[in-house]
Amino acid sequence: MSSNLSIEVMSEQYFDVLKEIGNIGAGNATTALAQLLQCKVDMKVPQVRLLEFSEVGALLGGEEQVMAGVYLAVEGDITGSIMFLVKEEIAMHLVKKLMGDFCGETMGEMEISALKEISNIITGAYLNALSGLTGLKILPSVPDLTIDMAGAILSVPAIEFGRLGDKLLLIQSQISDEIDIDGFFIMVPDMESYEKILTSLGLTV
């Protein structure tokens, strides 16, 4: 592996790939959510950003913004982790759409289980897009769901990002039914996995 390999070095080549993953992943998620929630769901073109890690909290609405964050490890041909975040009120809206009259006013055990199911579909859509484009085998772990302030949730991947470089690549997807659903998808492959992804796509570092 190249000693100078970093997100900064690779971002130029990787950016278009991430946009394509974002488009396909968000499209898959939109279709799956429409089927799950049994309603029409629309999607705007995903935004892909290269950010300083310190800028992420502000993009999410501030570090004190309460979010629902789903974090899971990735294994198989590549290793690393992924995270999907939505604001708490958006998460509650999705759960109410799924559960209907069975949904409580706060996040109880049943509501959290429903949110995990929704999150599985969304993260699965992105991983399937990545796997389909690269031909790599990608296996997600059981997701860990946390509802907390954005700053606290982001402290988990911050450690991993610190090993990769000063910047990260983030996909922001806006999906709409009655309200706009802003979802933030962060991928954290290790550097060796980044190289595998690029190589599988015929790109060189």
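This is a brief walk through one strand pair and one helix pair in a predicted model.

Let's start with the strands. S3 covers residues 66-76, and S4 covers residues 80-87. The two strands run antiparallel. How many bridges join S3 to S4? There are 8. A hairpin makes the connection, passing through 3 residues. For one pairing to look at, take Val74: its bridge partner in S4 is Gly80.

Is S4 mostly covered or mostly open? Mostly covered. Of its 8 residues, 7 are buried.

Now the helices. H3 spans residues 88-99. H4 spans residues 109-134, which makes 26 residues. From first C-alpha to last, H4 reaches 37 Å. The expected figure at 1.5 Å a residue is 38 Å, so the two are close. What follows H4? Gly135 does, with a positive phi near 75 degrees.

Next, how H3 and H4 meet. Their axes come within 9 Å. They cross at roughly 95 degrees. Angles from 65 to 115 degrees count as roughly perpendicular, and H3 and H4 are therefore roughly perpendicular to each other.

Which residues make that contact? On the H3 side, look for Ala91, Met92, Leu94, Val95, Leu98 and Met99. On the H4 side, look for Met110, Glu111, Ala114, Leu115, Glu117 and Ile118. By class, 10 of the contact residues are nonpolar. Another 2 are charged, and none is polar. Glu111 and Glu117, both from H4, are the charged pair.

To recap: S3 and S4 pair antiparallel through a hairpin, and H3 crosses H4 roughly perpendicular.

Notes:
Residues are numbered from 1 along each chain as its sequence is written. This is a predicted model: local features need pLDDT of at least 70, side-chain atom pairs count only at pLDDT 80 or more; totals for chains, interfaces and linings use all residues. Side-chain values use heavy atoms; hydrogens and water are left out. Helices (H or I, at least four residues) and strands (E, at least two) are DSSP runs, numbered from the N terminus. Axes are lines fitted to C-alpha atoms, for helices over the stretch in contact, and angles run from 0 to 180 degrees between N-to-C directions. Angles under 35 degrees count as roughly parallel, over 145 as roughly antiparallel, 65 to 115 as roughly perpendicular and the rest as oblique. Contact means heavy atoms within 4.5 Å. Buried means under 20% relative accessible area, exposed over 50%, partly exposed in between (1.4 Å probe, protein chains only). Two strands pair if DSSP finds at least two bridges between them.
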